[in-house]
Amino acid sequence: MSMWNAWRGCKKCSDGCLHCYIHKGDFKRNVDTNEIVKTKDFEKPIEKLANIDYKGNR
């Protein structure tokens, strides 16, 4: 299953964040989760929608 994430990063803001796996996983990969940035695939859905041949003609 492929996933698309437009943003990378997170700020803990609620009680539900107490058991979040994102910060622990990013720490293992030496990524600063507190820095919120656009990913390299940010524009990917727009590019695909601009192509008329994507998933048939519209």
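This note goes through the confidence, the largest pocket and the cysteines of a predicted model.

1. Confidence. The mean pLDDT of the protein is 79, with 76% of its residues at 70 or more. Strand β2 (residues 37-38) holds the highest confidence, at a mean of 92, whereas helix α2 (residues 44-50) has the lowest, at 68. Where pLDDT is low, the predicted coordinates should not be read in detail.

2. Largest pocket. The volume of the largest pocket comes to about 170 Å³, and its lining is made up of Asn5, Trp7, Arg8, Gly9, Ile22, Asp26, Arg29 and Thr39. At least two of the lining residues come from β1 (7-8), and at least two from α1 (22-28). By character, the lining divides into three charged, three polar and two nonpolar residues.

3. Disulfides. A search of the whole structure returns zero disulfides. Cys17 is accordingly in no disulfide, and the cysteine sulfur nearest to it, that of Cys13, lies 4.5 Å away, which is outside the 2.5 Å within which two cysteine sulfur atoms count as a disulfide. Cys20 is likewise in no disulfide, its nearest cysteine sulfur being that of Cys10, at 5.6 Å.

4. Exposure of these two cysteines. Cys17 has a relative accessibility of 13% and therefore counts as buried, the cut-off being under 20%. Cys20, with a relative accessible area of 29%, is partly exposed.

Conventions. Residues numbered from 1 in each chain as written. Predicted model: local features only at pLDDT ≥ 70, side-chain atom pairs only at ≥ 80, totals over all residues. Heavy atoms only, no water. 1 Å grid on protein atoms, 1.4 Å probe; cavity = no way out; pocket = protein on both sides within 12 Å on 5 of 7 lines; lining within 4 Å. Points joined across faces, edges and corners; volume = space filled by probe spheres on them. Helix = DSSP H or I, 4+ residues; strand = E, 2+ residues; numbered from the N terminus. Nonpolar A, V, L, I, M, F, W, Y, C, P; charged D, E, K, R; others polar. pLDDT = per-residue confidence, 0-100. Buried < 20%, exposed > 50% of the residue type's maximum accessible area, 1.4 Å probe, protein only.
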